[in-house]
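Me: I have a structure open and would love a close look at a single part of it. Could you take me through one helix and its surroundings, residue by residue where that helps?

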Amino acid sequence: MSLPRFSAVFVLSGIILTGCQSLPSFLHKEKKVDTGPKLSEQAYYSKAQSNLKKAQFQQAAASLEDLEKYYPVGPYTEQAQLDLMYARFRQSDYPGAVSVAERFIRLHPNHPQLDYVYYLRAVANMETGADTLLRYTRLNMAHRDTSYMRIAYENFTELLTRFPNSRFAPDATQRLQFIVNQFAESEINVARFNIERKAWLGAAQRARWVIENYPQAPQTPEALATLVYCYQKLGMTDLSQQYMTVLRANYPQLIKGN
C-alpha cells in the first residue's frame, strides 16, 4: 500500500529540514586555535637541523616556519631563513624558495652569504618550468614557454654582476650559456614552423635574430642555412648569396651540391 501523497511530502520535507540543520556543522568547521609555540626557539631549530640531515625536507620546513612564526627575531633568525629556502628548494617548491630568497635579500642586503641566496633564487626560477614531463621525455624545454627562463637569466646576470668572484660564479656562467642556447632553440624552432607554413619572411626574421643575438649558440649553422633557403624562396638573390658565403666559409660540411 502506497503512502498518501501528503504523507510522502511530509516525510521528504523532514529529510530536507534535517539535512539543512546539519549543514552549518559541515560547512563551518571549528577553526583551530593557535595556542602558541610548543617548543623553545632552540628546540625548533635543532629539530629542523635533524630533519635536514635526514633529508626530511617537508618536516624541516614545517619546524622552520614555526620558528619564524613564533620567534621572528632571535639568534637563529637569519640561518633559519636560509635553511627554509633550501628546504623548500629540495621539496621542489621552487616558487616557495624564490619567495624566501627575495624576502631575505630585502631584509639582509649585506649578509655574507647573499651570493648563495642570489644563486639559489636563480636556480629555483630555472627549475620552475623543468617539470617531470620534460625531465623524463624527449620534449625540449625551449619548445615551451621560456618566460621563467628569462627571469632566471636576469637572476644569474645579477649574481655575476654583484658577485663576480663568488664560488657560484662558474656554475652560474655555465647555466647562463645553457639558457642562451635555449633561447636560440626557441627562436629557430619557430623558424622551422614558419618554413613548414611557407612563411619565408617570418622564418628569416627568426633566424636573423639568432645570428644577431646568440652568435655562439649551436643553432647558428641552422640559422644561416635557414636565411639562405628563405631568401632564395623570396627571390632575394643578393642576400641569399651573402649568407651562403658565410655559411660556406664557416660550415662547409653543410654545403651539399646546389
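What follows is a walk from one helix outward to its neighbours. Please start with helix H4 (residues 77-90): which residues of H4 meet H5?

Reply: Happy to. Please keep in mind that this is a predicted model.

Let's begin with your question. From H4, the residues Glu78, Gln81, Leu82, Leu84, Met85, Arg88 and Phe89 meet H5. Their counterparts in H5 are Tyr94, Gly96, Ala97, Val100, Ala101, Phe104 and Leu107. The axes of H4 and helix H5 (residues 94-107) come within 7 Å, and they cross at roughly 155°. Angles over 145 degrees count as roughly antiparallel, and H4 and H5 are therefore roughly antiparallel to each other. As for handedness, H4 passes H5 in a left-handed crossing.

Met85 is a good residue to centre your view on. Leaving aside residues up to four places away in sequence, Met85 touches Ala97, Val100, Ala101, Tyr116, Val117 and Leu120. Ala97, Val100 and Ala101 also appear among the H5 residues that meet H4. Val117, for its part, is one of the H6 residues that meet H5. Another H5 residue to find from here is Ser99. Ser99 and Met85 are 14 residues apart in sequence, and their C-alpha atoms are 8.3 Å apart in space. With a relative accessibility of 43%, Ser99 counts as partly exposed.

Now for the nonpolar core. In soluble globular proteins, nonpolar side chains tend to be buried together. Here the largest nonpolar core has 62 residues, and Met85, Phe89, Val117, Phe156, Leu159 and Ile179 are the ones that touch the most other members. Helix H6 (residues 114-127) gives this core its largest share, ten residues. Both Met85 and Phe89 are also in the list of H4 residues that meet H5.

H4 has a charged link as well. Side chains of opposite charge can pair when their charged atoms come close. Arg88 and Glu65 do this through their side chains, in a salt bridge with an N to O distance of 2.9 Å. Arg88 lies in H4 and Glu65 in helix H3 (residues 57-70), so the salt bridge ties together parts that are 23 residues apart in sequence. Is Arg88 buried or exposed? Arg88 has a relative accessible area of 18%, and buried means under 20%, so Arg88 is buried. Glu65, at 34%, is partly exposed. Arg88 is also among the H4 residues that meet H5.

From H5 you can step on to H6. The axes of H5 and H6 come within 9 Å and cross at roughly 150°, and the two helices are therefore roughly antiparallel to each other. This crossing of H5 and H6 is left-handed. On the H5 side, the residues involved are Tyr94, Ala97, Val98, Ala101, Glu102, Phe104 and Ile105. They meet Leu114, Val117, Tyr118, Arg121, Ala124, Asn125 and Glu127 in H6. If you compare the two H5 lists, Tyr94, Ala97, Ala101 and Phe104 appear in the one facing H4 and again in the one facing H6.

H6 then leads you to H8. Asn155 sits in helix H8, and apart from residues up to four places away in sequence, Asn155 touches Arg121, Ala122 and Asn125. Arg121 and Asn125 are among the H6 residues that meet H5. Asn155 is buried, with a relative accessible area of 7%.

The last stop is the pairing of H8 with H9. The axes of helix H8 (residues 147-162) and H9 come within 10 Å and cross at roughly 150°, in a left-handed crossing. H8 residues in this contact include Phe156 and Leu159, and H9 residues include Arg175 and Ile179. Phe156, Leu159 and Ile179 bring you back to the core, being among the residues that touch the most other members.

Arg175 also has a charged partner: Asp171 forms a salt bridge with Arg175, and the closest N and O atoms are 2.7 Å apart. Both residues lie in helix H9 (residues 169-196), four residues apart, about one turn of the helix. Asp171 counts as partly exposed at 28% relative accessibility, and Arg175 likewise counts as partly exposed at 21%. In the whole structure there are eight salt bridges.

Terms used:
Residues are numbered from 1 along each chain as its sequence is written. This is a predicted model: local features need pLDDT of at least 70, side-chain atom pairs count only at pLDDT 80 or more; totals for chains, interfaces and linings use all residues. Side-chain values use heavy atoms; hydrogens and water are left out. A nonpolar core is a set of buried Ala, Val, Leu, Ile, Met, Phe, Trp, Tyr and Cys residues joined through side-chain atoms within 4.5 Å. Buried means under 20% relative accessible area, exposed over 50%, partly exposed in between (1.4 Å probe, protein chains only). Contact means heavy atoms within 4.5 Å. A salt bridge is a side-chain nitrogen of Lys or Arg within 4 Å of a carboxyl oxygen of Asp or Glu. Axes are lines fitted to C-alpha atoms, for helices over the stretch in contact, and angles run from 0 to 180 degrees between N-to-C directions. Angles under 35 degrees count as roughly parallel, over 145 as roughly antiparallel, 65 to 115 as roughly perpendicular and the rest as oblique. A crossing is left-handed if the near helix is turned anticlockwise from the far one by less than a right angle, and right-handed if clockwise.
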